[in-house]
Each structure stands twice: as C-alpha cells, then as structure tokens.
Amino acid sequence: MTQTVFEARQVSKFFPGVKALAEVSLDLHTGSIHALLGENGAGKSPLIKIITGVYRPDEGELFLDGNPIALTGPRDAIANRIGVVHQERNLIGRFSVAENIHLERLGAFPLKPIDYAALNRMASQWLDELGLDIDPRTPVSRLSVAKMQMVEIAKALSLRSRVLLLDEPTASLTAHETDILFALLRKLRDTGASLLFVSHKLEEVQEICDRVTVLRDGRNACQSRSMEGLGRQDLVRMMIGRGEDAGRWTARDRTGNPVALQLSEVSTGLGHRNVNLAVHKGEIVGLYGLVGAGRTELAKCIMGKFPITGGQLRVGGTPVVIRSVADAIHRHGIGYLSEDRKQEGLVLMHSVLENAGITVWRQLARWLAALTDGTIRTKVAPFIEKLEVKTPSLDQTVGNLSGGNQQKISVAKWLAAGVDILIVDEPSVGIDIKTKAYLHDLLRQLSDDGTAILLITSDMPEMVALADRIVVLNDYRVEGELINSGQYDTMSHAIMDLIHRVEAA
Amino acid sequence: MALPDSPASPATRQAKRPMARYFLTNEFGLAALIVLFAVLFGVTAQGFLSPFNLFALGRTASINIMIGLAMMVVIVTGGLNLALGAIGVCAAIFCGFLIQDAGLAWPLAIVLALALGAALGSINGWITVRSGLHSFIITLATMSIFFGAMIFLTRAQSYRGLPPELTSFGRIKIVEIVSPLLVVTVVVALLLAYLYRLTALGREMLAAGAKAEAAELSGVRVGRVFIICHMLSGAIAAVAALMLTARNGAAIPSMAGQLGQDWLLPAFLAPVLGGTLLTGGRVSVLGTCLGAFLVTMLTSGLLLMQIGEFWIQSFLGLLLLAAVLIDKSRRMLLDRSKLS
Amino acid sequence: MSRVTRVLACAGLALSVGSTAVLAADDSKFALVPGGPHPYFSAWEQAGKDAARDFGLAAADYKVPQKWELSQQNQLLESLLSQGYNGFLIFPGDSVGTGSTAAELVANGAPVIAGAGCLQDPSDAAFCLGTDTGNSAYLGTKQLIGALGDSKRIVHFTGFLVDPNTQLRIDAVQRAADEAGAQVVQVIADIDAPEPAEEKINAYLAAHAGEVDGIITTAWVPAVVAANALRKIGDKRIKMVGIDHDEVVLQAIKDGFVTGTMLQNPYGQAYIGAFALDKLRSGCTVKQDAPLMANALTAKFIDSGTAFVGADGVDNYVDAMRAATKALFDTFEATYLTCQ
Amino acid sequence: MSPGLSRIVRTDWFGPFVIALAAIAIVAAFNPSFLSPLNIQVLLLAISINALIAFSQMSIIAIGQMNLSVGAIGGLVAISFAGMMEVWGFPAPVAATLALALGLVCGLLNGLVIAWTGISAFIITLASLSLYKGINLGITQAQPFYGVLDAVKAFGQTNVLGPIPWLAVPTAIVALLLWYMFNRLPVGRFILAVGGNQHAAELSGISVGFTVTVAHAISGLLAGLAGILLVARLQIGQPTIGDDWLILSFAAPVIGGAVLAGGHVSIPATLLGVVIVAIITQALVLFNIDPYLVQVVLGFLILGAVGLNRFREARLERPAGRI
C-alpha cells in the first residue's frame, strides 16, 4: 500500500527578472523511485534546492506526511529525514570515509569525544550494504571519483532518509558500479523508502523508475504520473517539446587521408608503454578504456603536460617534441577538451568572452596595440552563436551557466582556436539530451570538415555513435583496435572482449 | 569593499540594470566612503582642506597606492609577495649607490634600479614556480635574504648625494596641491589597467590566477606568466621605493622598516579593500587606488582631529571596521531592494 | 606616570621657579615628536607642559607617531603643520630620512630642533640637542672596561641595524675597547624588541657565559633583558653597563647585578628645546660663534648631558641630571643664541 | 621498507622531524655547549611561547582563514595581565584568568563579526589588529608595567624538572588538548571540515558561523596565553609584546608543512616548525655570525628547510602518480 510521503504543491520561485519555477507540483510515494526529468534550465535544480531546504519557495507549500512544513535550511531538511546526494562532491577530502558518512551526527555534541571505533563499525555496515570494499578509515581523497559517489550515497542512506534525492548519481559511475547502485536503490524502494532520481540518462530512468515528473521551462510538463506506457520518445517529447532527432551514424573510412597525429611505440612518464595510435585527417578515433586505463593521462602527455619518455610523436607527419601545452596548441594546433570542466576546462569565475577567447588572445594580440574586448568578440561571437550558447551576454560569468552551455563554451574555445587535431575527453558528462545530440552532430561535422578527433569516453553508446575506429586502452597499454560497425551490441561485446581477454590471461 | 564572499548570488546579479550594477561595485562603494569621510573631516578637522594638507595627503597616498599595486599584481596569481619592502629598499639603495658612488647619470641609475627590482622579483617568481611551494614561504625567506644582503653590503649606509632633479620631485607642488608623485602613481595605475584590460598578457595573468590548470590546458604558459607577475611586483616596489627616496631626499635603509615589513600593512590593505580576490583571478586597479587613498585619508583626518595620539590606532581600526560594515550593508540593502 | 617621570617633573618645577624668563603668552604652538612610542620619551610630555607654562607658550604638546615608522612620523609632522604647529622638536626617525621633512617644515616657517638624536649634516635643523649616541656608547664602554679585571672580553647588545646610530655605537664600542686593550667578542644586533632580545641574549649567555667578562648594551630593550638575564643566572662575575633609566636596570644596579647605566636627559631636551624654539621663533638666531660641538652626524650638536650612574649614584641620579639641566638652561640663551 | 616505517615516513611531521634532528646534530657537533642543560632550557623557553603563537595562527589556518591580529591580542592580554597586577593589585591567578578571558573575548569578537557579516577574515582581523594595538597603546602610553608579581616572575624563571622550564608546561598541555580537539572532538573536526570544504560542511548541517567563531575564540585564547607567558618570561609587561608575532605565526606552521588553504593541520609538524626556527635563531647566535649577515643566513636556512621537506614530499608523490 503506497501513500504520499512528500508533496510540493504549486511551488514557485522567483529570481530577479526570472521566474525559475512556476506553480510546480510533485508528490512522492513510499516504496517508489520517482524520476525528475528536464532539460538544463527547466527548473530541476531550484526545485531540488527547495526540497532540500536551501531555498524557500516564494509561493506554494511543501507537505510532509500531509502536514505543511517550512524548511529553514539544509539541516532542517536532514532533521526531517530528507536526504540528498548532490551532483557536486560534498565530501571532506582529508576526512575518513566513516567520518564523512557520519558528519551530520557529530554535530549534536561538539564536545563529546568521537568514538572512531563505533563510527568505523557503523560505516562498514553501510559500505557492506552497498557492496563496497572500502576500509572506512581511508581518507576520502584517496578514493576514485566513483567510489566517492558511493560514499555520498552511503552517507545519505545512513541518515535513514525517508525521502532521498539522487542528483545525477550515475554521472561518474561505470556500468558495473551503476548496476550495484541500482540493485541497492531497488532494495531501498522495497523497504518503503521514497526516492527521487534525477538523471539525463533516459535508459537508466526507464530501467529503474516507476513514476515520473517532467519539467519544461519552469513548469510541469507532466506531474507525478506512472512510467507505465511511456516510451523514450514520449519522455523526450515532454522534455524538449518535440521528438528526438537522433544523430545518424554513417560508416566512413578516412584512413586514406594523411595522418594528422601519430604515436609510435610511445612511452610516457606516467607509465604508458609502447602505445601505437594514429588519427587521420577528418577521422574520429575513439579511445576506450575503463576508469584508470590511462586515457586522460595519455591525452595530457600528447599535449605536453607530462613528458613522453620513449617512442615518437608525429604531428602532420613531422616528428615533434612537445614541451608545453602552449606549444601543443599554438605551434602544433592540438586542442584538448577536458573531462573536468570545472577544474581544467573553464575559468568559472571569468566571463564567457574571456573563456572562449583564451586560446586566441595570442593570435589576436599585436605588439603594443590594445587587445580590446571588441576584437575578441568579433573573433569569438560567431562560434558562440553557432553553438547556440544560451547566455544573457558575453560578459556573463561562466560559473552561472548550465553545464551544457559551459560545455559549449569549452568547444567554442577550440573552434575559435582553429586546431587541426582535437582531443575530446568525456564530452557529454552532465549535459542534457538536446545538447548532447547537438554536440555529437557538431563533432561529426567537424571531422567532416577535416579536423582529426581523438575521442575519449566511457559512455559506450556515445562511442559507438561517434567513432570511426575504436582503440582500446587497458592498464596504460593499447589492447587492440576495432573498426566501428555502428552496432551497439556487437561493438560493446568486441570491446569488452579485448579488455577482458587480458584480464583473463 | 573587498567582499570576495559576497552573498549576492550570481543568479541575482546578472539581471540587474547597468545602473544598479554600478552602485554595487567596490569602486563605487569606496568612492562614496571617501566622499563621506572627506566631508566629515572637512567640516570637523581644522586644517584638513588646507593646501598643504591636501598636498601632503596626495603625496603619502601616492606611495601607499604604489605599494598596494606592487602587492596586487602578485595577489592576482593567488600568491603573495612579502619581500616587496625588501626589494624596494634594495632598489632604492642601489639607485643611491649608482648616483653617489658610481657617478652614473640619474635617469640611467633609475632604470638600473628598476631593473634590479624586476630581477629580484623574478627570482621570487622563479623559485616559487620551480619549487611548487606557496609564494608566502618563498618570499618570507627571500625577504630576509635580499634585505640582509643589502644591509651587509652597505653597512646600513644612507645615500643622500642625490641630484636636485630627483629630490625636488618630492617637494614640488603642481597647482598648489598636487604632488608629481601622484602623477607617477596615476600613470602606473593606468598602465596596469591597460595591461589587465587590453593585453593578452594581462588577460593570461587573470586566467592563470583564477584557475592555473584550466589556463595551462588552454595554452597559457602559466609558469612564465607567474614569474612575470612577480617581476612586475618587484619593479613596482622599486618605483614605490624610488618615490619614497624622492620624498625623503635620500635613499635610506630604514625607509620600509626592519626587513621592509612596514610596507606589508598598506600593501595588503589597499588591494583587499579594493576588491582584489586573495585567491587570485580578479583584480581592480581602481579599487586598489581608492582603497589606499581611503586609508591614508582616514589616518590623516584622525591625526588632524587631535584624538589622543595613543588612541589614534584604535580609532583607525574602528573606522576601518565601520567603513567595511557600511559598505556591506549598502550592498545588502541594494540587493534586497532589487529582489523585492 | 612612572616614578622617574614624576621625579623629573619635580625637577622641572624647581627649575621653573628659578627661571625668570617668563614670557607673555604668544602664538607659539610647538610639537615634541619622538620617533615612535617608547618609554624613553615619556619625560617629554611633562617637560612640554612645564615649558608651556613657564614660557607662556600656547602649547608644547607631546605628539607620538602610532608606530616606530619613518612614514608614520612624516605623516604626523605634515599633519601637525596643517594644524598650525609652528615649531618642532623632533627625534629623527632616521638621521638622514627625516631631513627632507625637516626642510619642509622650516620652509613653512616652523623652526626645527633635533632632540635626543641628531640629523645628519647638512640639515635645516637649527641644532641638535641630545645625547651623542656614539660618545655615550664610548663612555659606557670605558666605564665597563674600568670595572673589569685582567680579562677584558666584551659582548655588545644593540638595536636595529637599519638605524644608522647602531653602526656609530658598534664603532664607538670597538674604539673604546681597542684603546683599552679589550676585545669585543661578539655583537648581537636587531634585538630592540622584547621577544628576539630575550631569545638571543639568553641563548648567548647560555652558551658563552664563561667566555665573556663584560656586557655593554646600547639600546633600551637589550639593557632590560640583559639585566634580567644576569639576575636570573645570578652571575655577578660578568659586569654590565646598560643604557637609560628603565626601572629594571636601576634596580639591578642597586642589587649589584649591573655595574651602571648611561643616563640621558630627556626632560632637559624637551624643556630646553621648547625654550629654544620659542626664542628662534621670536627672531633669535643661533650665534655664529656658538660653541657647538661636532659628532659623527653633525657639527651643530649641543650636549643635553649624559652621565654614567653606578651603584653609588643611582639613588640621587635625578639630582645630577637636574643640575645638568639647570646648568645648561641658565647659560643657554647667552651661549648659543643672539636675539635682537 | 617495512610497512610501519613506511607509514612513519609518510606522516606529515616526518620531514620537519628529520630536519630538526639534523639541525640539532649539526649544531651540537660544532658547538657542544648547545646541548648543555642551560641551553636546552633557553631553547625550550623560546619554543614554549612561539609554539603557542603558532598554534594560535594554526587554528585559523585550519578553517582556511588568516588571523592578522594574533600579535595585537597577545600584546593587549600581556599588558592587561601585568597592568591588573600593578594597578589594581590583583593576585596573579585572578589577573591571569581575567586576561585570558580578555584574549578569548578579542578572538570571539573577531569570529562573531566575521561570521555575522561574512566579510573576509583578512579584512576584519586587519581592522581589529589596529583596534587592539591601539587600546594597548592607549592604556600603557607606551610605558611598560613593572609591577609583575614575584610569583609570576618565579614561574617564568624556574624549572619544573631538569632543564624543563615551568613555562613549557602550559604549552605541552595546550598541544595535547589541541591534538585531542582536532582529532577526537566534533568541534575540532568541524573546524577542519569547514576549512576543507565549507560548502560540503554546510550541507552536512554543520553551522559554519558557529565553527568560525569557535576557531577565532580558540585563536584569541592561545594568543592571550602566549602573551601571559611572555610577561612571566620578560618579567615586565612590555607594550611592544606581539609586534613581531605575525610572520613567525605563519612561518612555523608553513615550515612544518601546513597548507594555507585550510582543512588540515598537524600539531607535531607545527611544533617542529617552531623548533626548527628556534634552532636556526640560536645557531646564528652560537656561531657568532656577522650581525649584518644574520638575516641572509636565516633566509637561506628557511628556504633550505622548506625545500628539503618539499623534496621529500615530491619523492613520495611520484610512485603514487599512477592511480
């Protein structure tokens, strides 16, 4: 017997000049996993912040067990057993796993000594329940990103939350980890918990959720209805107001083109051994591997951030030694679109213009002449427009834009730089469907125009949808190379075979 | 004022009309405070508006501003330069030595002194970049080294054999109340503003300071840019020291106190009040100038008000606190009126 | 007010009774400005009040810079000029660096006298009324050597190296030692602040107490700290000559841990200084043939009196200084000034 | 390397520990009197007080802020302590307690203003530095207080055991308490949590304002304690106490390897940083370095000590580069 445990009724939230949420409603049942869908900017994040007590609604009411409540802050939400796993890392790096899990509960008695033995014991239980093999005494900073995510979930679970929000929990998890997480979420659901699941990955939503609320432009596109009878296309239509025009993959063979980037028997200071790899002009080569296979590291070695200790690197057929990233970009025309947008990709506190123009300042600068915003604007604006970046102006601070728009700016930066070779690392992390599709089209189009692209992604469907050839990397070595057939099942099997062949051996 | 942790949430800020945005800037807040206190002192403090006091105020402020700018250009990188006083004194003494003992023409001596300042600054930068340590500890050590070496080599000798062109520079009055030193400061400030707004190098400094990793992966030579920042800091510190030399009429080792530490307070005060982020990546040349001017004016006004001399420092502290709080409440009020 | 100040104040009172030079109240408004907050100058405050009363001055105010910084002192002086002060007794924050400010004051019609310490020639100060720092260190060292036995190994504790006086003191101690066949085994400088003085002096005595026979101190804080250190290790074998009239040092002299101290005459400096400023303002000039003395810094030096006080004189040293002040005052106008 | 040894090598205090040991060995080899009981006592006296100053700053570094008013609070507490004994004739324990309370209040004021207004600690403590120092000068008129009671003087000059002075006792207790607080008490962990990731700490329901206030209050208390001990050691209440503390207060934790960004402190490493500075200072006196060269040598020694520690860390990081 399910019942409504939490309800948001006709909630609105205003920001100066913007109505972020307009009379949005949502109700969560016990024993249910409820999907919250919407494009970036549709109002998901204000709604989440209202539910978790960060914002107070300007209109409308919240109900818990049928009684109206006014949450005064995150702490109040926790006290009402509304837990949340945030999108950004909310862990204290130097603290142990156990301590992070129990951080909330230490607060009641600031002067009562912490019983670490008990803390570790309790933490172990939660970790076991999640099927995680982590010593609770390990400092969180030593964990991989995926494990940190699991710790955050353990943290929320340990609060015995009746309502648990999961904001893109699978964004940085591998398929295997995702399976473990889903098994756990189902178990929680079966014990009567009410889960709110926020994700861009519709496959996952369809797999695990039983009810759904979709937001579009700050309003309900559908309000807390059952997932039954809804197909992927239906969801997409509700989210973006029209159907999904899936990028059509077509077989291309560009191996006849001149080689743009070639690695021969390359060893690096980070531990790569005998890496052979070639990317031709106009070709997209996928570099697939599990987390920790050394893909990003290889990209950074090519960019000159870390040393190449052996073998030969050729750009456009000429052997080169790249000593710095600046050399790679300005002298050899290689660009790198980082997976870590916030740390490595963009300067969040600076404007759109500064971020998009950073790669071209040197080109545009003339000795002693002023490098005005106007000059940069002329150069950069066409790309910003072409990519349909939604920003009030080019002076907007990038940190205020949505993930998708941020990613578009990262791309615009490289388009403006006019690089011949582009290394793209996890391009669609934290990006909505529309932008993702758009990016895929763009990358195909770029390669058609002659740019050589090395694509790094853990998202197998993305890999199959984009790459011409796929190189499989495992443990800092190349395990093999496949021609992409465009068939998801066969390709994924072939790739996994390559990886597991080694592990079996 | 410098409220890096300003609560004005980004989402609220963008939607403001340009006029309101202007009222929210540090620069406007500082300017308003300066006007406020100027009126206050003009009414209550005898002699505040006398030509000599205005002249002296401008002269003192010009040096304090310059010291603040020398620190500001390093704060841009998220670092600090504790050695700027020591570098300045070294450069000034070197200049005095070149003129008095080596018999060089004074323009050449000044250029060489500035070069020494830049060189010492770049040593700081080079060690910081190569060691990967925080510039705090590096410049703490080099502060001792530079200053100690200078004292050792000169035996704390003063150089006063300076040509009148140089020494009168500190005393000339343009239109009764303006010191030429103030003109130098304005020129340097304008050059810096040009650097940060209108050159690739300046933009790279800000990008590298805000997020070194991102800047590097976008093709900025972060190490080199940081070294240039430190070099600039050394050169500006040298300018400040030469201005002080002109004002004192001699190059003296005690002009910035033991190890040059007397400069640290104005050096930090000005950029931080002016809205330069201590973590780097954001800079306000105008704010730094106004910040230094405000503090100098407060000191000057308090001295004139003849508050018991031993209590002046307390009042300066209270006024600073009041100034910061007034500015903060102004912002919050404006923010709130825009929200409703 | 400390006991010493009170006693000195009484001395001033007595002096004023004997004085007949009571002038009509005039517009003379003098400022007595030390280099920074320091107990040495505390007698200046009372001396200024006494002088204002005795000579009918509008004011002779004791004005202290907030910090021991040259720039702070300069700013204070500028401000005082704006406030209408028209005569200055200044302890130069730097014997060279204060010269330019002094020149500016004089150019604005306010006579300047250097007090307690001198400005280096050439300067616009009418003369320097104070203690010859080098000579005082020389005499003190002589006294110390006289108290020593056959073994004459001396350690010298002194102030900041950026102060040019420090070098004068080091040289003077060395000269006195050379003349008497004594040996200066070590000079420890930069310890005119309590924490480093405590650390370095104790460290030195802990390791080298057996290798030294006498201590000469030429700065206030080291004298206090060294006197305490000797008392602590209870060693009366090591002789010490201190400086100034801190109670700790005086008590240590009484108890036999310290041989004696080199006293200066701050009260006399301020009292006579204010008198002379008034005279200078009313048209007097320094006599062409005035018996000015020369020291390492200036040829316009007037000794305000320095005296060695040992255990026998410590109880009535105030009388001695009073006598010195009176003797100097009685003949001052006749000896040094020509008035219309 | 055995696992136990490897763990010790990786601890944050190992680098400074080795440097301190090496420094002691080198100085003692050239000058045996360095290890004489009297000299050890002098060394411990310097370390005791400087350690409190460093701890005071460390508590603020822990939340990722700076406290520029450490010295001003220490000086104000010191002269109040001496002044209460001289002017009001308070017995030493009462004066000490009241003076400590004053230090606490000064720190508390810093913390409250910072927490309430959200203005950066740098600005607030810069202003309060002026305020506290000004009050100090206003009260003393730059005159020292001489009326320090004999009991206090004795406390500052006698030893508790062998070469260990009484002054080291409060410092040792404070070090233990701080270690306990930062490692075992929730309030200490909150300070580190706020320093490490303020956003996360806030979302975990930790009151950032409360934590910041507590950290500043602790800092004020420790600075005050340092001031009181310094009065006992100097035997007078000097108004200049605290003027030179600022650089030292940062240098010791940083030499010990503290990260200025916050979120991590190490009591042993900070203590060792203080020890290294004390040894260097003393060695310069013992070796009769030309006074004009003292600063140069000091600078190079600091650079050397920090560089060595950095070198060790870099060596340790390298094998871990591949995660």
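# Exercises on a predicted model

A:Tyr55 touches A:Lys13, A:Pro46, A:Lys49 and A:Ile50, leaving aside residues up to four places away in sequence. Keep in mind as you work that this is a predicted model.

**Exercise 1.** Find where A:Tyr55 sits in chain A, and decide whether A:Tyr55 is exposed, partly exposed or buried.

*Solution.* Start with the chain path: A:Tyr55 belongs to the loop between helix H1 (44-51) and strand E4 (59-64) of chain A. Next, count neighbours: there are 19 C-beta neighbours inside 10 Å of A:Tyr55. A residue is buried at 20 or more and exposed at 12 or fewer. A:Tyr55 therefore counts as partly exposed. As a last step, look at A:Glu168: A:Tyr55 and A:Glu168 are 113 residues apart in sequence, and their C-alpha atoms are 20 Å apart in space.

**Exercise 2.** Locate B:Glu176 and D:Asn288, and work out how exposed each is.

*Solution.* Take B:Glu176 to begin with. Its phi is near 70 degrees, a positive value in a residue other than glycine. B:Glu176 is placed in the loop between helix H8 (164-168) and helix H9 (180-198) of chain B. B:Glu176 counts as exposed because it has 9 C-beta neighbours inside 10 Å.

Now turn to D:Asn288. This residue is not a glycine either, yet it has a positive phi of about 50 degrees. Its place is the loop between helix H13 (267-286) and helix H14 (294-317) of chain D. With 15 other C-beta atoms within 10 Å, D:Asn288 is partly exposed.

**Exercise 3.** Trace the open sheet of chain C from one edge to the other.

*Solution.* Six strands make up this sheet, in the order E7-E6-E8-E9-E10-E13 (chain C), with mixed pairing. The ends of that order are the edge strands, E7 (183-188) and E13 (307-310) of chain C, each pairing on one side only. From one strand to the next, the twist averages 20 degrees.

Zoom in on one pair. Strand E6 (residues 153-157) of chain C runs parallel to E7(C), and five bridges join them. In this pair, C:Arg153 stands opposite C:Gln183 in E7(C). Finally, add a helix: H8 (residues 220-233) of chain C lies across E6, strand E8 (214-217) and strand E9 (239-243) of chain C, at about 150 degrees to E9(C).

**Exercise 4.** Which two residues of chain C does a cis peptide bond join?

*Solution.* Walk along the loop between strand E4 (112-116) and strand E5 (128-130) of chain C, where C:Pro122 is found. The cis bond joins C:Asp121 and C:Pro122, with omega about -10 degrees.

**Exercise 5.** Describe how the domains of chain C meet, then how chain C meets chain B.

*Solution.* Begin with the domain assignment, which gives domain 1 (3-131 + 265-306 + 315-338) and domain 2 (133-263) of chain C. Their C-alpha centres lie 28 Å apart. Twelve residues from domain 1 of chain C and 13 residues from domain 2 of chain C take part in the contact. The side of domain 1 that touches domain 2 has seven nonpolar, five polar and no charged residues.

Move on to the chains. Here 28 residues from chain C meet 33 residues from chain B. On the side of chain C, helix H3 (70-82), helix H4 (98-107) and helix H6 (164-180) each supply at least two residues. H3(C) gives the most, with eight residues. Sorted by class, this side of chain C has nine nonpolar, twelve polar and seven charged residues.

Conventions: Residues numbered from 1 in each chain as written. Chains lettered and ligands numbered in written order. Predicted model: local features only at pLDDT ≥ 70, side-chain atom pairs only at ≥ 80, totals over all residues. Pairing = 2+ DSSP bridges. Helix = DSSP H or I, 4+ residues; strand = E, 2+ residues; numbered from the N terminus. Axes fitted to C-alpha atoms, helices over the stretch in contact; angles between N-to-C directions. Contact = placed C-beta atoms within 7 Å. Domains from an automatic or database assignment. Nonpolar A, V, L, I, M, F, W, Y, C, P; charged D, E, K, R; others polar.
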